[in-house]
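Me: I'd like to go through this structure with you and ask how each label was earned. Could you set the values against the cut-offs as we go?

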Amino acid sequence: MDKIVSQFLAQVNARNQNEPEFMQAVTEVAETVIPYIVQQDIYYGQNILLRMVEPERVVSFRVAWIDDNEEIQVNRGYRIEMNSAIGPYKGGLRFHPSVNLSVLKFLAFEQIFKNSLTTLPMGGGKGGSDFNPKGRSDTEVMRFCQSFMTELFRHIGPNRDIPAGDIGVGSREIGYLFGQYKRLKNEFTGVLTGKGVSWGGSLIRPEATGYGVVYFTQQMLDHQNDNLEGKKIVISGSGNVAQFAAEKCIQLGGKVMTLSDSSGYIFDPDGIDEEKLAFIMDLKNVKRGRIHEYAEHYPSASFHSGKKPWEVPCEIALPCATQNELSGKDAELLIKNGCRCVGEGANMPSTPEAITLFVKNKVLFAPGKASNAGGVAVSGLEMAQNSLRYSWTREEVDQRLQTIMKDIHQSCIQFGTEKEQVNYVKGANIAGFVKIADAMLAQGVV
Ligand code: NDP
């Protein structure tokens, strides 16, 4: 079996040189899905995984725009249309200086499995730019978004490809992108998700990824007759996902001890309560400040410059910042300090070494493609509401989100149980694969 997997990976690697993040994501899937494929007559010999790792289409384009000093800036924009077997391409846009083809292909590849797990009719895609919105004025961000959409608009549409937010793309950016799309097409359609509630957005969409991570974590604990009440929780990041993961943990009685950004983490031994979280939301979303300002405002807290929060003893860890933020060494430390459950809010935040350690030490480990699927699930619900020209209540959307997260957990149990242990990585990969593979087989050699 190892030989079949390594031959497959060598073949993919030969075609995707210098794309380490993409190969990391493909390797994790290949190691769990190929052993399953070889046991299934309907999939074996169809080269389905080889087809899945090849994007259906990759668009790369120039984004020229004028900054506040009237200098011309040039960035690179991308859209990866990975797989449309089960629905139109769906996945976020990331604006961050680290964006390149490898990062977006890994995200697009993960996205097809995640979207399949939601059971909603969405294919997988991802896009973005190496543009850094940090430190830019609102008008600079607007001019960039308008230039970006002036090319992207011809590749997307409500039945073709429906982008959303991701790192560096929040409600402000979605607004500017939507405004420009509408201007170019002269039509008001659900072409982007994460829209404002007054212009076609869904209630609970901002909260959905973070809430979903916690609902999934709750399911894993419940399966072990445990819950979140009184648990010490360490969270990384302080953006959209981290903020609402923290909010839901607090609501369910957990003690949130940390949040972070790329400059370091804050540790509050008293726990971050609702009032303190409101301070962080205002700091990050309105003032666009840095997380160290929390420690200056609350004397009980400390700021740890250049460090990651995994050194803080906890029972539950929720990495919600970015890929490969949790290394093998971090995992060792977490396990040594008593961590028993990890729910990934970010995409691929744990390195392969960290995942191996978690699984070996029987830490409940939820891979992002399962545990952070709540965001795209509610995006799917936003698309449905746009098509119906109707809005569901907060309670209705939240209820659907909880049901979807519960069902994803159940799929992981169905496909990932081995020797009475649930391997959530295997479960998520195989459950996601089956639905896409069946659709691809039915649609012929495409
Ligand atoms: P935001 O831009 O709102 O926040 C990102 C957070 O992560 C910030 O605190 C940022 O700090 C930190 N961060 C980013 N890059 C790094 C880095 N290289 N090192 C350390 N910290 C970093 O993004 P989101 O919260 O939306 O996304 C977070 C993660 O969740 C991503 O992996 C994303 O793909 C994933 N995700 C998001 C979904 C969504 O609905 N938004 C859906 C599913 C997954 P700083 O401000 O200093 O850069």
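Reply: Happy to. A polar contact is a pair of N or O atoms within 3.5 Å; within protein, one must be able to donate a hydrogen and the other to accept it. Keep in mind that this is a predicted model.

Me: Then what makes the pairing of the Q323 and R94 side chains a polar contact?

Reply: The two side chains come to 2.9 Å, and the cut-off is 3.5 Å, so the pair qualifies. The side chain of Q323 also has a polar contact with that of T322, at 3.1 Å. Residues adjacent in sequence count only if both atoms are side-chain atoms, and this contact joins the two side chains.

Me: Why is Q323 called buried?

Reply: Its relative accessible area is 13%, and buried means under 20%, so Q323 counts as buried. Q323 sits in the loop between strand 10 and helix 11 (328–336). Setting aside residues up to four places away in sequence, Q323 touches R94, V103, F106, N347, M348 and P349.

Me: M348 is in that list. What makes its backbone worth a remark?

Reply: The phi of M348 is near 55°, a positive value in a residue other than glycine. M348 belongs to the loop between strand 11 (341–343) and helix 12 (352–360). With a relative accessible area of 6%, set against the limit of 20%, M348 is therefore buried.

Me: And K419, is that residue buried or exposed?

Reply: Exposed: its relative accessible area is 84%, and the label needs over 50%, so K419 meets it. K419 also has a positive phi, of about 50°, although it is not a glycine. Its place is the loop between strand 13 (417–418) and strand 14 (421–422).

Me: Now the ligand. How do you know that R94, R205 and N240 make polar contacts with it?

Reply: Take them in turn, against a limit of 3.5 Å. An N or O atom in the R94 side chain is 2.9 Å from a ligand oxygen. For R205, a polar side-chain atom lies 3.0 Å from an oxygen of the ligand. N240 uses a polar backbone atom, 2.9 Å from a ligand oxygen. The protein covers 83% of the 890 Å² of accessible area that the ligand has on its own.

Me: Which residues come nearest to the ligand?

Reply: Of the 25 residues around it, D166, T209, S262, R290 and N347 come nearest. Helix 7, helix 8 (240–251) and strand 7 (255–261) each supply at least two residues of this shell.

Me: Why is P309 called buried?

Reply: Its relative accessibility is 2% and the limit is 20%, so P309 counts as buried. P309 lies in the loop between strand 9 (302–305) and strand 10 (316–318). Leaving aside neighbours within four places in sequence, P309 is in contact with V234, I235, S236, T258 and Y265.

Me: What makes a group of residues a nonpolar core?

Reply: Its members are buried residues such as Leu, Ile and Phe, joined through side-chain atoms within 4.5 Å. The largest core here has 60 residues, and F216, I235, L259, I272, L318, L401 and I408 touch the most other members. Helix 7 (residues 205–223) gives the largest share, 8 residues. A second, separate core of 42 residues includes L9, I34, M52 and Y78.

Terms used. Residues numbered from 1 in each chain as written. Predicted model: local features only at pLDDT ≥ 70, side-chain atom pairs only at ≥ 80, totals over all residues. Heavy atoms only, no water. Buried < 20%, exposed > 50% of the residue type's maximum accessible area, 1.4 Å probe, protein only. Helix = DSSP H or I, 4+ residues; strand = E, 2+ residues; numbered from the N terminus. Near = heavy atom within 4 Å. Areas by Shrake-Rupley, 256 points an atom, 1.4 Å probe, with all protein chains shown as cover. Contact = heavy atoms within 4.5 Å.
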